[in-house]
Amino acid sequence: MQTKVSTLPQTVDKLDTFFKVKELDRDPSMSHFVPMVYKQNHEWKKIFEKDFQKRFNGLMVRGENKIQTVFTASFPHDEILQKFISKSSEGDLLFLHHPIPLECGDPKGNLGRGFLPINPILLKKIVKKRLSIYSCHAPLDYNKKVSTSRTIAEELQAKIESEFLSYGNGNAGLIATISSVSTADLITKLKNIFGIPYVDFAGKNSERIIKIGIVAGGGDEVEYSQTCRKRGAQAYITGEIFSRYDSDWGKQNTAKLQNYVKTVDISMIGVSHAASEFLVMKTQIPRWFKENFGLPVIPLAQNKWWF
C-alpha cells in the first residue's frame, strides 16, 4: 500500500487559508513573548522563517518538501521535541499551538518559570533532520470550526450560545449550555477528558450546572469569569484560574484572583494550560489533516500536564 504524501507548500497554503493566518498581522501574545525569551540570543532569526518573525504564526521552521506524517502538540517542550525527532522521518511536520515552551506552575507543586526559549540542541537536530514546524496560536483560539475552546465544547456535548474575549481577529471565549451536572461530576468528567490527575478549583460547588464559560489556555483574568457570570454561567472552565508563575506579575495577579474568588458564586475549574490546548491536537486537528490530506497524525502528549 502506497504511503500518502503531501508537499510542504501545499500543506502550509491550506493551513494558512483555513486559519486565515495572513489576515492577522501580528499575534497579540507571541509577538511579545517570542522576542522576549530570545532577547539575549538572536540565533532564532537564522532558523525561524522570515514571515513567522513578522506574524508569529504559520510556518516556523522549513524542512524537506515531502510530508508523510504530521505530529501535534501544545508546546515544544524538550520531551515533545525528543519524541518528534525520534519518531519522524525527514520532511515530517510538527503542528504546534505555542511556538515556545511555557511552564505554568502546579497547584500542588512549584511555580512555573513562564515562557522559555526552545532547547537549542533539539532545534538544531530538527533542522539537521530536515523537519518542519508550523505554529498556530491566536488563529487556533478563535477559528469558527476548529479551535482550542470549541473542541472542549464538543467533548462536553455543549451547545454554543455566544462568544466573548476579543483576541486577534476573533473571540477566544465561549458561553455554552450543557446537560445538568453537579460541580463534582463535571470535575470528574473533565479529569477524564483531559487525562489530568487533579484540577485547580475555586469558587462555589453547585448541584445544577447548565451553562458554562470556556476559555482554553490562560484564563487567569478576573474579567473573563465575570463575563461568564454576567451571561448566566454556573461554571467557568479554563486552563489556568490562577497565575502560578514565579514572577512579580504572577504573584500579584494570583493575589488579586484569590481575593476575587472569595466573592464568586460560580465553579472555577482549571485543567492546566497545556492539557486544555492539547485536546484540539488529538481531536479536531487530526480530523482536519485526514480530511484534507489523508495523512496520519500522531498527537504528542506531555507526561505531566501541571508544571
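**A five-stranded mixed sheet**

Within strand β8, tyrosine 134 is the bridge partner of leucine 59. This pair offers a convenient way into the sheet of this predicted model. Three bridges connect β2 with β8, and the two strands run antiparallel. Tyrosine 134 of β8 is also the bridge partner of phenylalanine 95, and here β8 pairs with β5 in the parallel sense, over four bridges. In general, the strands of a sheet are held in such parallel or antiparallel pairs by backbone hydrogen bonds.

From phenylalanine 95, the path can be followed one strand further. Phenylalanine 95 in β5 is the bridge partner of threonine 72. Strands β4 (residues 70-73) and β5 (residues 93-96) pair in the parallel sense, again through four bridges. Taken as a whole, the sheet is open and has five strands, arranged in the order β2-β8-β5-β4-β15 with mixed pairing. β2 (58-61) and β15 (297-299) are the edge strands, each of them paired on one side only. From one strand to the next, the twist averages 25°.

Helix α12 (residues 273-282) packs on this sheet, where it touches β4, β5 and β15. The direction of helix α12 makes about 160° with that of β4.

The surroundings of strand β8 (residues 132-135) complete the picture. Side chains in a regular strand alternate between the two faces of the sheet. In β8, Ser132 and Tyr134 lie on one side, with Ile133 and Ser135 on the other. All four of these residues are buried, and both faces of β8 are thus covered.

Note on methods:
Residues are numbered from 1 along each chain as its sequence is written. This is a predicted model: local features need pLDDT of at least 70, side-chain atom pairs count only at pLDDT 80 or more; totals for chains, interfaces and linings use all residues. Side-chain values use heavy atoms; hydrogens and water are left out. Two strands pair if DSSP finds at least two bridges between them. Axes are lines fitted to C-alpha atoms, for helices over the stretch in contact, and angles run from 0 to 180 degrees between N-to-C directions. Contact means heavy atoms within 4.5 Å. Buried means under 20% relative accessible area, exposed over 50%, partly exposed in between (1.4 Å probe, protein chains only).
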